[in-house]
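The exercises below concern the sheets, pockets and cavities of one protein chain. Please work through each task with the structure at hand before reading the solution.

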Amino acid sequence: MTRMTRPASALIGLSLAALAFTACSESATGSGGDDAAGGCDPSDVQLLGQVRNESNPYEAAWLDGGDAFAESVGLTQERLTYDGDSTKQQDQIAQRLAGDTECLVMNILPNGDSDTPPIVEGAEEAGAYLVTQWNKPADMNPADYDYWVSHITYNGVESGKQIGDALAEAIGGEGGIIALQGVLDTAAAKDRFAGLEESLAENTGMTLLDDQTANFSRAEALEVTKTLLTKHGDDIKGIWAANDDMALGALEALQQAGREGEVAVVGIDAVPDALTAIQDGSMTATVSSDGPWQGGVGLAIGYCAAIGEIDVDEIDEEHRAFYAEQFLITEDNVAEFTTPETDPADFECDNVFDRAVGPLS
């Protein structure tokens, strides 16, 4: 059965999770224990979530999910955003790690792969429990560290190919498309575009006319798409976007050009506006990684490690760095994702890895 989370339902559903965590809290070791071994008192845990910006609905939903989880265990989440600026991200984290890091749990979206190593090293030195998502160098493994509890990502090649195939179907298997890439120094952007390339190899009637980065930004995608519409005109039959924010920017450009409904558009993230666009037929498909779940589960994994309900040394290596479940959404099933139910059991210490679908290769 599909289990999905939307920001509104997450805030309701996760608030029920406090009861589910009662047993965890009661059995945790006291504050006098060894913090490296997970000896934090639940009330002493500090929670921090950091994403690029809240103007991106997916990332805002991530932080909302973190807030809901924090509330469910009687805590608050410190919300940080760095506006897609790697220097600002590193400065924020360095400043935080220079303060009180006892029982600190961080759920972080590194801006790019190259931003992950200093975050990991800083957390390790400070003794802060760290969960990262999406971006890390391929040769870095959480299993080599004591406080880097887990890394969660999604099979970007699979999702990029899924929406590529959906785009090919929408344009009848033939025609020119343009691609809007994300932040190029991220595994998500690289893998998703590789998935598009796989789709193009199979759907030989579909031609990639152009690809440019719009950095996962709706505003940038609007301007890039306007330029490409002028350059390629009616040859463009479809737009492949590496996330929904860019897909929505592309839709706005199509509206301004008077071409709404003439060009198929696909994206990734299942943000509310994208789901609405799929329902009304202006957008073809998206893929959901369930942002509120990510915001909640990243903190839950670190929390459970901090209070000793998860022994980091005993976590299977396949759960130290893993792919999580994702969902392709089209007009055929979009109704299932607009009014989903949150399962509070997802965030119990015994269940935080239940959506893992395989280790990173």
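**Exercise 1. The parallel sheet**

How many bridges join strand β8 to β9, and in which sense do the two strands run? Place this pair within its sheet and identify the helices that pack there.

*Solution.* The model is a predicted one.

Step 1. Begin with the pair itself. Strand β8, residues 236–241, is joined to β9 by three bridges, and the two strands run parallel. Within this pairing, I239 has V265 of β9 as its bridge partner.

Step 2. Extend the view to the whole sheet. The sheet is open and has four strands in the order β7-β6-β8-β9, paired in parallel. Because β7 (206–213) and β9 (264–266) each have a single partner strand, they stand at the edges, and one side of each is left without a neighbour in the sheet. From one strand to the next, the twist averages 20°.

Step 3. Add the helices. Helix α6, residues 156–170, lies across β6 (175–181), β7, β8 and β9, and runs at about 165° to β8. Helix α7, residues 187–202, also packs on the sheet, where it touches β6, β7 and β8. The direction of α7 makes about 170° with that of β6.

**Exercise 2. The mixed sheet**

Determine the strand order of the seven-stranded sheet, and state which strands are at its edges.

*Solution.*

Step 1. Read the order across the sheet. This open sheet runs β2-β1-β3-β4-β5-β11-β13, and its pairing is mixed.

Step 2. Find the strands that pair on one side only. These edge strands are β2 (77–81) and β13 (356–359). The twist here averages 20° from one strand to the next.

Step 3. Examine one pair in detail. Strands β1 (residues 46–51) and β3 (residues 104–108) pair in the parallel sense through five bridges. In β3, M106 stands opposite L48.

Step 4. Locate the helix on these strands. α3 lies across β1, β2, β3 and β4 (129–133), and its direction is at about 165° to β2.

**Exercise 3. The two largest pockets**

Which elements and residues line the largest pocket, and what lines the second largest?

*Solution.*

Step 1. Take the largest pocket, which holds about 330 Å³ of space. It is lined by 20 residues, of which K136, A138, Y323, L360 and S361 are the closest to its centre.

Step 2. Assign the lining to elements. At least two residues come from each of β5 (148–153), α7, α12 (317–320) and β11 (321–324). With three residues, α7 gives the most.

Step 3. Consider chemical class and domain. The lining of the largest pocket comprises ten nonpolar, four polar and six charged residues. Domain 1 (46–154 + 290–325 + 343–359) and domain 2 (156–288) each supply at least three residues to this lining.

Step 4. Turn to the second largest pocket, with a volume of about 260 Å³. Its lining has 13 residues, and those closest to its centre are A166, E169, T284, T330 and E331. α6 gives the most to this lining, with five residues. By class, the lining of the second largest pocket has five nonpolar, four polar and four charged residues.

**Exercise 4. The largest cavity**

Where does the largest cavity lie with respect to domain 1 and domain 2?

*Solution.*

Step 1. Establish the count and volume. There are two cavities of 30 Å³ or more, and the largest cavity contains about 120 Å³ of space.

Step 2. List the lining. Of the 13 residues that line the largest cavity, R52, Y58, W134, R192 and F216 are the closest to its centre. α3 (57–72) and α7 each supply at least two lining residues. The classes in this lining are five nonpolar, four polar and four charged.

Step 3. Draw the conclusion. Domain 1 (46–154 + 290–325 + 343–359) and domain 2 (156–288) both give residues to the lining of the largest cavity, so the cavity lies between them.

Technical notes: Residues numbered from 1 in each chain as written. Predicted model: local features only at pLDDT ≥ 70, side-chain atom pairs only at ≥ 80, totals over all residues. Heavy atoms only, no water. Pairing = 2+ DSSP bridges. Axes fitted to C-alpha atoms, helices over the stretch in contact; angles between N-to-C directions. Contact = heavy atoms within 4.5 Å. 1 Å grid on protein atoms, 1.4 Å probe; cavity = no way out; pocket = protein on both sides within 12 Å on 5 of 7 lines; lining within 4 Å. Points joined across faces, edges and corners; volume = space filled by probe spheres on them. Nonpolar A, V, L, I, M, F, W, Y, C, P; charged D, E, K, R; others polar. Domains from an automatic or database assignment.
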